[in-house]
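Before you read the model in detail, please look through the points below with the structure open beside them. They are arranged by topic and can be taken in order.

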Amino acid sequence: TANGQVVYSIAEETERGAAVGNVAEDLGIDAATLSARKFRIITGSSKQYFNINASTGALSVKEPIDREQLCELQSACLLNYELVLENPLELYRMEFKVLDINDNSPSFSLNEYHINVPEFLSPGARFTLPNAQDLDEGTNSVQNYTLSPDEHFHLEMQTRGDGSKYPELVLKKALDREQQATHRLVLTAKDGGDPPKSGDVPVIVTVLDTNDNAPEFEHSVYRASILENSPNGTLVVQVHATDLDEGPNGEIRYSFSNTTSADIQRMFLIHPHTGEVTVNGVLAVQRPLLEMLIEARDNGAFGMSSTAKLLVEVTDVNNHGPEITITSLSSPIPEDAVPGTVIALLSILDKDPGENGKVTCQIPNNLPFQLKPSLENYYSLVTSGLLDRELISEYNITITATDLGSPPITAQKTLWVQISDVNDNPPVFSADTFDVLVEENNPLGAFLYQVSASDPDMGENGRVSYVLRNSTVAGSALASFLSVSLANGSIYAKRAFDFEQLRSFYFQVEAKDNGSPALSAAVTVNVYISDQNDNAPAILYPTSQNGSVAVEVVPRLADEDYLVTKVVADDEDNAQNAWLSYHLVHSSDSTLFRLSPHTGELRTTRSLRSTDFLKHKVVVVVQDHGDPPLSSTVTVGILLADTLPQALPDFDDSGEPPPLLNATNIYLIASLACVSFIFENLAIVRLCRCRTCACCCPADEYEKYCYSVHMLPGSHLPPDMLEVTGVGKLTHTYLYRASVGLG
């Protein structure tokens, strides 16, 4: 065993099941792994002559070998096998030398051989005898000949110019046809086997008269050379023999000897008269040197003959192209295969000998693969660079084999190698962040947005699922606000959003593929809640309690543009939904008051007169700019008085002022004035006994009346000290109560 090759010797005809050796031991392979590594034997022979035990590696004979049938006339009979193992891919060569045994006896091509001998020949005349054929080789082939005893003939061995030997029948005593016309001899050929084998052929000698000279060739051995692809009719050589006899006894006819094989006789023709040997068929031979015997026989009544050997060297031409055989192919291969990974094992053979049979092999340079020579006539296709299925998912690799003949012959074979996917790409979102605008008061389960991530991997490695990353929004779990579709990334609302409570928030969606291990990526989604006009303006000032009308006291003779009150309102909505405008929709005297639409200030349009009515009623509408707009209404009662009355008057719902003064009213007023003057002194006396008002004001603050201003919560300020802060809003809501106590 050497360099991955083991040589066995086995005798031919070894019986079935006979042990030859142990492949596992001889090659250093663990026998227990043979089956798992999918071992197989590759041979170019039509029969499988050997078996390998998958458990022990024992090599045994499957079919007996007939060396002579297998190798014919070759001196060395060799069988070549290749043992292929996978995981990893390995190749070993096994060579079997088939040893010859003496299993064939010498044989002659004819059942009997006839020799015509003229009676006048003198002792010493020689006659060529047929050569015996023995399919065995070496010492097992024909070694000697013997002739049955006869007083007229004996046997001698002769040597040709090339060293080959042949038997000749030698006349040792003159013949007398009249005494004996026919002599029956037995020629025996023996081989050198142990025990030796032999073969016999009868030699019948007929004694003739006259023709006493046999033809003689100019050369005992002729040599010629011819191209393998020579066409029919090509002259190979011309042999020539002479016969000293005259007439028909000296006329010579040429032919192939009966000992020349039938295959060779079909390849060539010999002209019977000229001795020209020409090509007659395709020179499909495996041996570069062909051997044949040519016989020259005269036309005498008892024709005499002689033989010469013709050796024809068939010169090879490059008429066979390389043959590419895929011994093993691994496809598909993973895209993360490291450089040097074996993909295929190739066998490249050219039947031509010499330079014509030498082959160069290559593949295109722009591929991440290369060919590496392995054993003789074998190449390994390995990766030479990194693979990426997402860029190229398959390769068509054209293998080009060219021999070194002239002209060279090229053969090609294409391998289809697929690249299998590994999970080497995480999902990728189309953007780093997504912005989502959602209107408040959305329905439950409303679709908000769909995020999408792509994964260039295939199959499960490229199937993306989506989940929400754990987080909180306004102190609550994100899962209580949103849900995401595992399959397509659609985001749905699980509750209705309220712009006034939550205006924006963000969260992350994670995209994960289904590879092993799984790869993931996350994207941030910003949610902005847009406002809807779902809140009517809230009037902060003036306010009323228990459905009563809010009352403002205005000096009786107030000037023009006097600030009666400021309507303050707020809207929880945003933007234009919270832009407020103020409108005076009702006034008991439209000429007396005006309302600023932007500030909500209610002012007098002119100076008050003594003839103006003492109480008025206005209705103010506060409206936002939503679509549709929402509004709120407040009713304000206005009392014209220089001092705060003890009891506020009632303001009827109609809000219409009392009728103007007429003559009757003037008389009544005058009468009341007189009566009042009469009782004035009495009133003064009574007022002196006035007690402190129940409203916690000091008794000496006023002489006749004690006014009390109650402000909620808890502050005691007169109305003229009331301050308005902010823009359109009051910091507190105030309620005025007044009472007059008489002691």
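1. In which strand does Asp-513 lie? Asp-513 belongs to strand 41, which covers residues 504–513; strands here are DSSP runs of E with at least two residues, helices are runs of H or I with at least four residues, and both are numbered from the N terminus.

2. A word on the basis of these notes: this is a predicted model, in which local features need pLDDT of at least 70 and side-chain atom pairs count only at pLDDT 80 or more, while totals for chains, interfaces and linings use all residues. Residues are numbered from 1 along each chain as its sequence is written, and side-chain values use heavy atoms, with hydrogens and water left out.

3. The protein chain holds five helices and 51 strands. Of its 743 residues, 41% are buried, where buried means under 20% relative accessible area, exposed means over 50% and partly exposed lies in between, with a 1.4 Å probe and protein chains only. Among contacts (heavy atoms within 4.5 Å) with a separation of 6 or more, 66% are between residues 24 or more positions apart.

4. Asp-513 deserves a closer look, as this residue is buried yet has no salt bridge, and the nearest side chain of opposite charge, that of Lys-512, is 8.4 Å away. A salt bridge is a side-chain nitrogen of Lys or Arg within 4 Å of a carboxyl oxygen of Asp or Glu; for charge, Lys and Arg count as positive and Asp and Glu as negative, whereas His and the chain ends are not counted.

5. What does the side chain of Asp-513 reach at 2.9 Å? The partner is the backbone nitrogen of Leu-519, and a polar contact of 3.1 Å also joins the side chains of Asp-513 and Asn-423. A polar contact is a pair of N or O atoms within 3.5 Å; within protein, one must be able to donate a hydrogen and the other to accept it, and residues adjacent in sequence count only if both atoms are side-chain atoms.

6. Asp-624 can be read alongside, in the loop between strand 50 (615–623) and strand 51 (631–640); this residue counts as buried because its relative accessibility is 1%. The side chain of Asp-624 makes a polar contact of 3.2 Å with the side chain of Asn-533, and one of its polar atoms lies 2.8 Å from the backbone nitrogen of Leu-630.

7. Four strands form an open antiparallel sheet in the order 24-26-29-28. Strand 24 (323–329) and strand 28 (369–373) are at the edges with a single partner strand each, so one side of each has no neighbour in the sheet. Strand 26 (residues 342–349) and strand 29 (residues 378–383) pair over five bridges in the antiparallel sense, pairing being assigned if DSSP finds at least two bridges between two strands.

8. Most residues other than glycine have a negative phi, and most peptide bonds are trans. The bond from Ser-331 to Pro-332 is cis, with omega near 5 degrees, and a cis peptide bond also joins Ser-516 and Pro-517, with omega about 0 degrees. Pro-517 lies in the loop between strand 41 and strand 42 (520–530).

9. Lys-38 has a positive phi near 55 degrees and counts as exposed because its relative accessibility is 53%. Asn-441 has a positive phi of about 65 degrees, and this residue is partly exposed, with a relative accessible area of 39%.
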